[in-house]
Amino acid sequence: MTSQDALKKQAAEKAVEYLESGMVVGLGSGSTATFAIHAIARLMKEGKLKDIVGIPSSTPTEEVARSLGIPLVGFEEHAVIDVTIDGADEVDPDLNLIKGGGGALLREKVVAQATKKNIIIVDESKISDKLGTIFALPVEVVPFATASETRFLESLGAKVTVRENQLGKAFQTDNHNRILDADFGPMDDAVKIGMALSQRAGVVEHGLFLGTTALVIVAGADGIREMKAA
């Protein structure tokens with residue numbers, strides 16, 4: 001395990017302390033969230049968490065949770081999630097996020113918006129003063145609109161890359177869409193950018209998670225600290 005993975009694991013272990021038996025839990029996507037899923041499964045096997053059901057935010061997350069024996073449900077059974085534990089690619093001082101490095105931003109945002117309390121777990125390298133400083137903004141678009149939305153993002157000042165998979169072909173999300181990684185640099189007005197993207201027909205969703213987070217757990221060299229919403 002790398003030192004960064006060790007920090008992710010510490011943050012995940014702390015986040016799981018906020019769970020209680022009987023909860024509906026949103027299961028995030030990515031390497032950090034996977035540590036939390038393993039921790040949840042372990043506590044269930046030990047009998048410390050009972051009657052937990054999960055709603056996964058991506059196909060890989062669903063596969064991991066099923067393999068560990070976590071019961072899964074959909075929004076048909078439970079319209080509201082008690083707590084979601086997920087990672088983030090960047091966090092600002094106001095607990096706004098950039099997410100989507102793994103390509104699951106649409107389902108992650110659906111889960112986040114259905115959740116009473118969103119807990120984000122990160123290592124200290126993900127904290128910045130302004131979103132866009134350390135991570136480009138993922139934008140999910142329908143394949144038909146890839147070229148037109150690329151030009152639109154460029155008109156807003158972004159340097160745009162069409163995300164590719166490991167085979168060098170266009171990355172495909174769980175929803176069969178594409179991801180444009182838009183590098184705006186540090187964003188002075190993330191809200192304005194988010195609103196502009198939300199008005200575009202070809203944009204399915206963007207990775208700005210603004211005002212959705214209640215708590216960020218940060219693991220660093222000096223230990224665990226918590227950032228809470230004002």
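**Buried and exposed loop residues, nonpolar cores, sheets and internal spaces**

Leu95 is buried, its relative accessible area being 3%, which falls under the 20% that bounds the buried class. In this predicted model, Leu95 occupies the loop that connects strand 4 (90-91) with strand 5 (97-98), and its phi is near 70°, a positive value in a residue other than glycine. A positive phi, of about 65°, is also found at His176, although His176 is not a glycine. His176 is placed in the loop between strand 8 (159-162) and strand 9 (178-183), and with a relative accessibility of 54% it counts as exposed, because the exposed class begins over 50%.

The two strands that flank Leu95 belong to an open sheet of three strands, in which the order is 4-5-11 and the pairing is antiparallel. Strand 4 and strand 11 (208-209) form the edges of this sheet, each of them pairing on one side only. Between strand 5 and strand 11 the antiparallel pairing extends over two bridges, and Ile98 has Leu208 of strand 11 as its bridge partner. A parallel arrangement is found elsewhere, where strand 1 (24-27) is joined to strand 2 (residues 53-56) by four bridges. Within this pair, Leu27 stands opposite Pro56 of strand 2. The chain passes from strand 1 through helix 2 to strand 2, and the resulting β-α-β crossover is right-handed.

In soluble globular proteins, nonpolar side chains tend to be buried together. The largest nonpolar core of the model comprises 29 residues, and those with the most contacts inside it are Val16, Leu19, Leu27, Ile40, Ile70, Ile85 and Ile121. Two or more residues are contributed to this core by each of helix 1 (3-16), strand 1 (24-27), helix 2 (31-45), strand 3 (81-86), strand 6 (115-123) and strand 12 (215-220). Helix 2 provides the largest share, which amounts to seven residues. When residues up to four places away in sequence are not counted, Leu19 touches Val25, Ile40, Leu49, Val83 and Ile85. Apart from this core lies another, of 18 residues, which includes Leu153, Leu180, Ala190 and Leu208. Leu208 is thus a member of that other core as well as the bridge partner of Ile98.

The analysis of internal space concerned both pockets and cavities. The largest pocket holds about 440 Å³ of space and is lined by 31 residues, of which Ser29, Gly30, Gly101, Gly102 and Glu108 are the closest to its centre. Its lining receives at least two residues from each of helix 2, helix 3 (59-67) and helix 4 (105-113). Helix 2 accordingly appears in the lining of this pocket, in the largest nonpolar core and in the crossover between strand 1 and strand 2.

The count of cavities of 30 Å³ or more comes to one, and about 80 Å³ of space lies in the largest cavity. This cavity is lined by 16 residues, among which Thr84, Asp86, Ala112, Asn118 and Ile120 lie nearest its centre. At least two lining residues are supplied by each of strand 3, helix 4 and strand 6. Helix 4 therefore contributes to the lining of the largest pocket and to that of the largest cavity, while strand 3 and strand 6 supply residues to the largest nonpolar core as well as to the cavity lining.

How values were computed. Residues are numbered from 1 along each chain as its sequence is written. Side-chain values use heavy atoms; hydrogens and water are left out. A nonpolar core is a set of buried Ala, Val, Leu, Ile, Met, Phe, Trp, Tyr and Cys residues joined through side-chain atoms within 4.5 Å. Buried means under 20% relative accessible area, exposed over 50%, partly exposed in between (1.4 Å probe, protein chains only). Contact means heavy atoms within 4.5 Å. Two strands pair if DSSP finds at least two bridges between them. A crossover is right-handed if, with the strands pointing away from the viewer, the path from the first strand over the helix to the second runs clockwise. On a 1 Å grid over the protein atoms alone, a cavity is a set of points where a 1.4 Å probe fits but cannot get out, and a pocket is an open set with protein on both sides within 12 Å along at least five of seven lines; lining residues have an atom within 4 Å of a point. Grid points are joined across faces, edges and corners, and a volume is the space filled by probe spheres set on the points.
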